[in-house]
Amino acid sequence: MRECTHLDQIRDVTPMTEGCEECVRDGEPVWFHLRLCLTCGHVGCCDSSPGKHASAHFQSTGHPIVKSFEPGENWRWCLVDDALLL
């Protein structure tokens with residue numbers, strides 16, 4: 001298993017929205033799973049969703065670690081190191 005080298009970028013964040021920020025803004029609440037950016041609190045939809053807004057947020061900001069924003073899920077993922085953080 002790969003190790004994450006970006007743990008220092010995890011912050012105590014408050015989610016900016018309850019759903020995908022871009023989908024809600026654009027009136028397109030069609031997403032499958034949500035991801036919470038642990039650097040700034042952005043909520044975006046996963047790559048299985050049409051908008052892929054969590055990945056777009058990573059590409060535009062470089063914020064490396066997301067957490068599942070789904071009820072009952074408690075995992076984190078480093079997008080840079082391609083590593084699961086439990």
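**Reading a predicted chain: burial, backbone, cavity and pocket**

Me: Is Glu22 buried or exposed?

Reply: Glu22 is buried, because its relative accessible area is 15% and the cut-off for buried is under 20%. Keep in mind that this is a predicted model.

Me: In which helix is Glu22 found?

Reply: Glu22 sits in helix H1, residues 21-25.

Me: What does Glu22 touch, not counting residues up to four places away in sequence?

Reply: Three residues: His42, Val43 and His53. Distance along the chain tells another part of the story. Glu22 and Gly51 are 29 residues apart in sequence, but their C-alpha atoms lie 8.2 Å apart in space.

Me: Let me step back to the whole chain. How many helices and strands does the chain have?

Reply: Two helices and five strands. Read from the N terminus, their order is α-β-β-α-β-β-β.

Me: What does the radius of gyration say about the chain?

Reply: Compare the value with the one expected for a compact globule. For 86 residues, that expectation is near 12 Å; the chain has 12 Å, so the two agree. Along the principal axes, the C-alpha atoms fill a box of roughly 35 × 25 × 20 Å.

Me: What share of the residues of the chain counts as buried?

Reply: 40% of the 86 residues. The accessible surface of the chain is about 5,200 Å², and carbon and sulfur atoms hold 51% of that area.

Me: Of contacts between residues at least 6 apart in sequence, what share joins residues at least 24 apart?

Reply: The share is 47% in this chain.

Me: Now empty space. How many cavities of 30 Å³ or more does the structure hold?

Reply: The general idea comes first. Rolling a probe the size of a water molecule over the atoms shows where empty space is left. Here, the structure holds one cavity of 30 Å³ or more. The largest cavity contains about 40 Å³ of space.

Me: Which residues line the largest cavity?

Reply: Arg35, Cys37, His42, Gly44, Ala54, His57, Phe58, His63 and Val66. By class, that lining has four nonpolar, four polar and one charged residues.

Me: Which element gives the most to the lining of the largest cavity?

Reply: H2 does, with three residues. Strand S1 (34-37) and helix H2 (53-61) each supply at least two residues of that lining. Note His42 too: this residue lines the largest cavity and is touched by Glu22.

Me: What volume does the largest pocket have, and which residues line it?

Reply: The volume is about 160 Å³. Its lining is Arg35, Cys46, Asp47, Ala54, Ser55, Val66, Trp75, Trp77 and Leu79. The classes are six nonpolar, one polar and two charged. Arg35, Ala54 and Val66 appear both here and in the lining of the largest cavity.

Me: On to the backbone. Where does Lys52 stand in phi?

Reply: Most residues other than glycine have a negative phi. Lys52 goes the other way: its phi is positive, near 50°. Lys52 is in the loop between strand S2 (43-45) and H2. At 42% relative accessibility, Lys52 counts as partly exposed.

Me: And what phi does Asp82 have?

Reply: Asp82 has a phi of about 55°, positive although the residue is not a glycine. Asp82 lies in the loop between S4 and strand S5 (83-85). With 46% relative accessibility, Asp82 is partly exposed.

Me: How does Ser48 count by relative accessibility?

Reply: Ser48 counts as exposed, because its value is 55% and exposed means over 50%. Ser48 lies in the loop between S2 and H2. Ser48 and Arg2 are 46 residues apart along the chain, with 23 Å between their C-alpha atoms.

Me: One last residue. Where is Glu73 found?

Reply: In the loop between strand S3 (65-68) and strand S4 (76-78). Glu73 counts as partly exposed, at 30% relative accessibility. Leaving out residues up to four places away in sequence, Glu73 touches Lys67 and Ser68.

Me: How far apart are Glu73 and Lys52?

Reply: Their C-alpha atoms are 19 Å apart, with a sequence separation of 21 residues.

Notes:
Residues numbered from 1 in each chain as written. Predicted model: local features only at pLDDT ≥ 70, side-chain atom pairs only at ≥ 80, totals over all residues. Heavy atoms only, no water. 1 Å grid on protein atoms, 1.4 Å probe; cavity = no way out; pocket = protein on both sides within 12 Å on 5 of 7 lines; lining within 4 Å. Points joined across faces, edges and corners; volume = space filled by probe spheres on them. Helix = DSSP H or I, 4+ residues; strand = E, 2+ residues; numbered from the N terminus. Nonpolar A, V, L, I, M, F, W, Y, C, P; charged D, E, K, R; others polar. Rg over C-alpha atoms; globule rule 2.2 N^0.38 Å. Buried < 20%, exposed > 50% of the residue type's maximum accessible area, 1.4 Å probe, protein only. Contact = heavy atoms within 4.5 Å. Areas by Shrake-Rupley, 256 points an atom, 1.4 Å probe, with all protein chains shown as cover.
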